[in-house]
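Trainee: Could we go through this structure one piece at a time? I would like each term explained once, where it comes up.

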Amino acid sequence: MKIYNTLTRTKEEFVPLKEGEVSMYVCGPTVYNLIHIGNARPMIVFDTFRRYLEYKGYKVNYVSNFTDVDDKIIATAIAEGTTAEEISQKYIAECKKDMEGMNIMPATVHPQATEEIDGMISLIETLIEKGYAYDKDGTVYFRTRKFEEYGKLSKKNIDDLEAGHRDIKVVGEESKEDPLDFVLWKPKKEGEPSWQAPWSDGRPGWHTECSVMAKKYLGDEIDIHAGGEDLIFPHHENEIAQSECANGVQFAKYWMHNAFLNINNKKMSKSEGNFFTVRDISEKYDLQVLRFFMLSAHYRSPLNFSDELMEAAKNGLDRILTAAEKLRDAIAAGNDNGLTDDERIDINEAGKFVEKFEEAMDDDNNTANAISAVFELVKYSNSKIDENSSKDFAIALYEILLRLTDVLGIIVEKEEELQGDEEYIKEMIAKRAEAKKNKDFALADQIRDELDAKGIELEDTREGTKWNRK
Ligand code: AMP
Ligand code: ZN
């Protein structure tokens with residue numbers, strides 16, 4: 001299997017550090033809001049890659065963090081008159097709901113930065129002891145120039161960086177020895193969450209968090225470190241500097257980065273109004289459509305989100321789900337005479353779609369080509385299944401389809417039930433609105449309770465009633 005390694009800018013054969021095992025760290029979201037569909041891209045892409053590693057028989061230790069201390073979280077807490085902890089806990093729970101909707105497997109561990117502060121303090125202590133970091137009035141900085149390999153991931157030349165930095169003096173950071181140095185620990189400001197440390201009451205820098213969580217749950221050397229391409233610099237470059245200077249070994253062997261998701265060919269931006277949360281999408285589509293849409297492109301290609309492309313993804317997914325349904329019907333109606341010779345040959349032939357699928361996934365997680373192989377399988381299956389098919393034949397084809405769709409994280413068994421559900425839910429919401437209009441609050445409450453019992457939560461907003469699965 002080959003993966004494209006950002007560190008070497010080439011596709012490399014994947015050889016894990018320990019035979020049969022893979023350690024993988026994926027940078028998770030900062031939790032101050034509902035996650036947007038851009039955040040969903042690395043989640044879906046790397047969850048699929050993990051599933052494929054497991055399909056190939058690797059034992060995968062998959063760690064993905066929640067960044068739960070950050071300026072944006074603190075700002076949101078202040079704006080809403082609550083604590084940073086309350087904001088982050090709320091949005092971690094919401095994020096987990098979205099992940100479930102997108103059928104993203106829970107990580108082996110989902111560490112939270114605020115629970116790992118001790119490890120961060122000890123990493124910073126090690127860096128100070130080794131001369132890679134220094135304390136200036138309670139702020140600890142990393143001595144960037146001292147790490148000779150700085151820039152090896154982003155391919156940035158340290159002297160160019162220096163030129164860019166010369167004019168930019170960040171307020172409060174005048175005491176740095178060198179403009180290139182970055183913050184490992186910063187003293188608290190009034191009203192901010194803080195922890196005691198030898199240098200000041202304060203909090204760690206963002207880059208420090210990931211170095212520490214990766215080390216604690218995966219060790220000093222890990223196989224794969226992944227995230228969106230915006231993280232290459234400075235986040236991942238700084239993680240490398242800290243981890244390699246502290247631990248004295250190469251941090252991650254392979255670095256994988258997904259390209260960005262744009263909306264209507266423009267960068268996603270809240271201020272321009274081209275911005276969707278995963279929750280927004282869940283109101284119109286089953287989130288598997290979003291998953292399927294993301295996987296229909298190569299993860300290193302920019303992907304454009306639009307209504308037309310989502311509709312195309314929905315139609316494509318429906319083709320697979322319909323074929324699965326046809327196979328289930330054939331299993332129910334098929335004869336019990338066992339496989340005929342021709343059916344045996346046909347099953348063997350279907351093996352070529354599995355080979356194609358694996359070839360695509362082995363080529364740097366090429367889910368777009370893997371999906372093409374599934375489409376070919378579906379077409380083949382539709383053409384081979386008829387009223388004379390044996391039950392065993394239908395079962396064999398169904399099992400092949402399930403094996404492949406499982407890797408993609410697409411559930412082929414639930415769609416019927418869900419589509420029925422969605423119409424029903426919308427109908428009930430309309431009935432409840434009508435009841436409220438007629439001031440029949442007892443009926444309105446009864447409808448809400450009935451949906452609640454079915455695991456559907458309603459939320460009345462200015463734009464109308466929204467729903468989601470609990
Ligand atoms: P953040 O919460 O900004 O730290 O982002 C969490 C993850 O989402 C990181 O891996 C980002 O690189 C990724 N990400 C953010 N925006 C996008 C986008 N528009 N397209 C793809 N990935 C994104
Ligand atoms: Zn990170």
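Mentor: Helices (H or I, at least four residues) and strands (E, at least two) are DSSP runs, numbered from the N terminus. This is a predicted model, in which local features need pLDDT of at least 70 and side-chain atom pairs count only at pLDDT 80 or more, while totals for chains, interfaces and linings use all residues. Residues are numbered from 1 along each chain as its sequence is written, chains are lettered from A and ligands numbered from 1 in the order in which they are written, and side-chain values use heavy atoms, with hydrogens and water left out.

Trainee: In which helix does proline 234 lie, and what kind of peptide bond joins phenylalanine 233 and proline 234?

Mentor: Proline 234 belongs to helix H7. Most peptide bonds are trans. Between phenylalanine 233 and proline 234, omega is about 0 degrees, and the bond is cis.

Trainee: Is histidine 236 buried or exposed?

Mentor: Histidine 236 also lies in helix H7, which covers residues 232-247. Buried means under 20% relative accessible area, exposed over 50%, and partly exposed in between (1.4 Å probe, protein chains only). Because its relative accessible area is 0%, histidine 236 is buried.

Trainee: With which side chain does the side chain of histidine 236 make a polar contact?

Mentor: Contact in general means heavy atoms within 4.5 Å, and beyond four places in sequence histidine 236 is in contact with residues including Cys27, Leu153 and Trp255. A polar contact is a pair of N or O atoms within 3.5 Å; within protein, one must be able to donate a hydrogen and the other to accept it, and residues adjacent in sequence count only if both atoms are side-chain atoms. At 2.8 Å, the side-chain partner of histidine 236 is histidine 257.

Trainee: How many residues surround ligand 1?

Mentor: A residue is near a molecule if one of its heavy atoms lies within 4 Å of it. The closest residues to ligand 1 are Thr30, Gly38, Gly228, Asp230 and Leu261. Ala, Val, Leu, Ile, Met, Phe, Trp, Tyr, Cys and Pro count as nonpolar, Asp, Glu, Lys and Arg as charged, and the others, Gly among them, as polar. The shell divides into 8 nonpolar, 8 polar and 1 charged, and the number of residues around ligand 1 is 17.

Trainee: Which element gives the most to the shell around ligand 1?

Mentor: At least two shell residues each come from helix H1 (37-55) and strand E9 (222-228). With 3 residues, the one that gives the most is H1.

Trainee: How much of the accessible area of ligand 1 does the protein cover?

Mentor: A polar side-chain atom of asparagine 39 lies 3.2 Å from an oxygen atom of ligand 1, and a polar backbone atom of glycine 38 is 3.1 Å from a nitrogen atom of the ligand. A nitrogen atom of ligand 1 is also 3.4 Å from a side-chain N or O atom of asparagine 258. Accessible areas come from the Shrake-Rupley method with a 1.4 Å probe, and for residues only the protein chains shown count as cover. Of the 490 Å² that ligand 1 has on its own, the protein covers 88%.

Trainee: How far does helix H10 reach from its first C-alpha to its last?

Mentor: H10 spans residues 307-333, 27 residues in total. Its expected span, 1.5 Å times one less than the number of residues, is 39 Å. Close to that value, H10 reaches 38 Å.

Trainee: Is arginine 9, with its positive phi, buried or partly exposed?

Mentor: Most residues other than glycine have a negative phi. Arginine 9 has a positive phi of about 55 degrees and is found in the loop between strand E1 (2-5) and strand E2 (10-13). Because its relative accessibility is 34%, arginine 9 counts as partly exposed.

Trainee: What is the relative accessible area of asparagine 365?

Mentor: Asparagine 365 likewise has a positive phi, near 55 degrees. The residue is found in the loop between helix H11 (341-362) and helix H12 (367-384). Asparagine 365 is buried, with a relative accessible area of 1%.

Trainee: How far apart in space are arginine 279 and glutamate 94, C-alpha to C-alpha?

Mentor: Arginine 279 lies in helix H8 (residues 278-284) and is buried, at 9% relative accessible area. Beyond four places in sequence, arginine 279 touches Leu34, Glu94, Lys97, Asp98 and Asn468. Arginine 279 and glutamate 94 are 185 residues apart in sequence, and their C-alpha separation is 9.1 Å.
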